[in-house]
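Reader: I should like to learn how the pockets of a protein model are to be read. Where should one begin?

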Amino acid sequence: MSSTQSPKDFFRPLAVGAPEPLREVPARPSRAIHFFDPSNPKMAAKVPDMVGTVDVLLGNLEDAVKADNKVAAREGLVEIARNTANLGGQSGPTQLWTRINSLDSPWALDDLTTLVPAIGDKLDVIMVPKVQGAEDIHYVDRLLAQLEAKAGLTRPILIHAILETARGVANVEEICGASPRMQGLSLGPADLAADRRMKTTRVGGGHPGYLVRQDPVAGDINGPRTTYQQDLWHYTIARMVDACATHGIYPYYGPFGDITDVVACEDQFRNAFLLGCVGTWSLHPKQIAIANRVFSPSVEDVTHARRVAKAMGDGTGAVMLDGKMEDDASLKQCLVMVELAEQLAAIDPELKKAYDAIELED
């Protein structure tokens, strides 16, 4: 924002007739963002049955779609959005997102000019890949406002950026604050690894070569020494979480490429959840169940959080609970769990049943 611009201008529509920008991003559960190829008939046929089983369905138009199928994927997404009940918009149980092609590609402009007039009322979020800086968000922001005005939309479509370049990570704070449309960020580990010239060919997850080793016992460097595999993405996720929290938007882990290794997948998802991410990508239906489990607070955690909230009363002072001191900072941590549990219970009947069964002692 330039020094001559009023802060009030930030929340004015960028086109005459466009909807008013949001002042706060809706807190809609999005534990799993499940990717599907709209040009693939088998995948498209499964979409109606997935509504209500996953928080977000994302029609992917970018890298996983071959160049010859770009138009078919775009048109397929329009068809799916128009003909699938309860998908997308404000009232459906499952949000509809799309990942458009990169802004320097031959397809990105047509993605936006086709999708917004055709299904803008169903599209909740547009994911923009390979975002380098605020200028990329400003471009999409203005274009969306013009298209929304032309289509007569009454609510703004939100923007989600993927961090896939070193420059994008360096500019993460300005990206988060570039527009009121910003919904969140996702980590794009594969492209980011290539851009950083990291020596890994894995799509997310750890690497056995990135480790620390136990000190030698009695100076014997060749003796048995335990090694501990480290997380290649800890720094980037933590920085992304801080930037999102600062601007009131949401951070997400990205893809975990090894579909067969459900154990490591769950570990990676849980690391992201503990660091502050609200959800992750799903590349296969089996990852949806993992994401839904990991990014939902356990009954034990919700029980403890409610106990602390009850014991703290007005939130001041400190209390002893199970031999541990709980104070206002503890209460703030617990309220994060309580609020998330309430949001998830509103859309997940099984979680609601589990959380409603919690009983607190007087």
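Author: One begins with the term itself: a pocket is an open set of grid points with protein on both sides within 12 Å along at least five of seven lines. The model shown here is predicted.

Reader: What volume does the largest pocket have?

Author: The volume of the largest pocket is about 1100 Å³. Its lining comprises 46 residues, and those closest to the pocket centre are Tyr250, Gly276, Val278, Val336 and Leu340.

Reader: Which helices and strands each supply at least two residues of that lining?

Author: Two strands and several helices must be named here. They are strand E3 (95–99), strand E9 (250–252), helix H8 (234–247), helix H9 (262–275), helix H11 (299–312) and helix H12 (328–345). H12 gives the largest share, 10 residues.

Reader: How many residues of each class are in the lining of the largest pocket?

Author: The lining of the largest pocket holds 28 nonpolar, 10 polar and 8 charged residues.

Reader: How may the second largest pocket be described in the same terms?

Author: The second largest pocket encloses about 550 Å³ of space. Among its 26 lining residues, Phe35, Phe36, Asn60, Ala64 and Leu283 lie nearest the centre.

Reader: Which element provides the largest share of the lining of the second largest pocket?

Author: That element is H1, with 5 residues. Strand E1 (32–36), helix H1 (41–50) and helix H7 (189–196) each contribute at least two residues to this lining. By class, the lining of the second largest pocket divides into 14 nonpolar, 4 polar and 8 charged residues.

Technical notes: Residues numbered from 1 in each chain as written. Predicted model: local features only at pLDDT ≥ 70, side-chain atom pairs only at ≥ 80, totals over all residues. Heavy atoms only, no water. 1 Å grid on protein atoms, 1.4 Å probe; cavity = no way out; pocket = protein on both sides within 12 Å on 5 of 7 lines; lining within 4 Å. Points joined across faces, edges and corners; volume = space filled by probe spheres on them. Helix = DSSP H or I, 4+ residues; strand = E, 2+ residues; numbered from the N terminus. Nonpolar A, V, L, I, M, F, W, Y, C, P; charged D, E, K, R; others polar.
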